[in-house]
Amino acid sequence: MPLVKPILVIGSLNMDLVARCAALPRAGQTVFGSDFFTAPGGKGANQAVAAARLGARVSMAGCVGADQFGTELIERLRGAGVQSDAVQVVPAPTGTALITIDLAGANTIVVISGANAACDAALVDRALTGTDGPGILLLQHEIPQETNAYAIHMARAAGWFIVLNPAPARPLTTELLPLLDIIVPNETEAADITGSTDPYQAAHLLSGQGARAALITLGGDGALYCDAGGTLRCPAVAVEAVDTTAAGDAYIGALATALAEGRGMAECLGFAAAAAALAVTRLGAQPSLASRSELAAFIARHGMPAARPLSP
């Protein structure tokens, strides 16, 4: 078996404040909720935990505040097996996310960055030099744009395989795209970034602008992967969704795990699709993320989707 590569996540850590209700409120409307809970989250931390629970060797770098939320988030990372020495405590409140979920599992999310805004170049340097790499680097858009750009340049020079999840969507410089091994937006983010609502066209636009590969997740419609070798379409696993909050993070954590294990791209896509499907059947962000044995049992029951070449 090939050597399993390490995974480094540089990104956000948030405490999620979650309310469930029958229907999402319209502007100006008050609705009654059925319950409320807090759960550790943040796209960076979610992806780190997702990969670690699947057996990957994961390190996390980011910032939290000197408060109860920050302490709990670090404890949860360690409990999941994530190496957290590069998570810094800074003089700012820990990031939070206000999440509302309806009966169909759809959600609205408001993120307050807090300590995540303190992630800087020095943090990136410590994380890259303190990790046994090069391996797989995961980045998202919940830390400052200039910090991500610095991380991409430094990681590329050091030989890391770079995966960017551009969520939430914001403009990308064409200078950065050629440095990315895979860019992984969802359908809405891909449209915001490229201006195209056609996922196939959006994937080819991102690839044409220099990204080595573009992977667009399509929720219940699966995912579309495009690189110089062609295009793959991978279906989703049909399940009844309870909460879609961390589906994308489950997907990317599983994708990184499969990549770190040296699997082929078609198998990586199927493995990630199964992990995302299992996550949406559970409440909460990190509480929804499966262990390797749980995912294996899920795949045994539901199967693992097969990614197939898509003709133009």
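Welcome! Start at the second largest pocket, whose lining divides into five nonpolar, five polar and four charged residues. Keep in mind as you go that this is a predicted model.

**Stop 1: the second largest pocket**

Select Gly42, Lys43, Asn46, Ile109 and Glu142, which lie nearest the centre of this pocket. They belong to a lining of 14 residues, around a space of about 150 Å³. Now colour four elements: β2 (14-21), α1 (43-53), β6 (95-101) and β7. Each of them supplies at least two residues of the lining here.

**Stop 2: the largest pocket**

Next, centre your view on Asn186, Thr217, Thr244, Ala247 and Gly248. How much space lies in the largest pocket? The volume is about 960 Å³. The five residues you have just selected are the closest to the centre of this pocket, out of 42 that line it.

To see which parts of the chain take part, highlight β7 (107-112), α5 (187-194), α7 (247-260) and α8 (265-279), the elements that give two or more residues to this lining. Which element gives the largest share of the lining? Pick out α7, which contributes five residues. If you colour the whole lining by residue type, you will find 23 nonpolar, 13 polar and six charged residues.

While β7 is highlighted, recall the previous stop: β7 also supplies at least two residues to the lining of the second largest pocket.

**Stop 3: the cavity**

Now look for an enclosed space. There is one cavity of 30 Å³ or more, and the space in the largest cavity is about 50 Å³. Select Ala50, Leu54, Ala250, Ala275, Leu289 and Ala290 to show its lining. What kinds of residue make up this lining? The six are nonpolar, with no polar and no charged residues among them.

**Stop 4: Ala92**

Finish by selecting Ala92, in the loop between β5 (83-90) and β6. Why does Ala92 count as partly exposed? Its relative accessibility is 26%, and partly exposed covers the range between under 20%, which is buried, and over 50%, which is exposed.

Show the neighbours of Ala92 next. Leaving aside residues up to four places away in sequence, Ala92 touches Gly65, Ala66, Asp67, Gly114 and Ala115. Then draw a distance from the C-alpha atom of Ala92 to that of Phe32: these two residues are 60 places apart along the chain, and the separation is 32 Å.

Technical notes. Residues are numbered from 1 along each chain as its sequence is written. This is a predicted model: local features need pLDDT of at least 70, side-chain atom pairs count only at pLDDT 80 or more; totals for chains, interfaces and linings use all residues. Side-chain values use heavy atoms; hydrogens and water are left out. On a 1 Å grid over the protein atoms alone, a cavity is a set of points where a 1.4 Å probe fits but cannot get out, and a pocket is an open set with protein on both sides within 12 Å along at least five of seven lines; lining residues have an atom within 4 Å of a point. Grid points are joined across faces, edges and corners, and a volume is the space filled by probe spheres set on the points. Ala, Val, Leu, Ile, Met, Phe, Trp, Tyr, Cys and Pro count as nonpolar, Asp, Glu, Lys and Arg as charged, and the others, Gly among them, as polar. Buried means under 20% relative accessible area, exposed over 50%, partly exposed in between (1.4 Å probe, protein chains only). Contact means heavy atoms within 4.5 Å.
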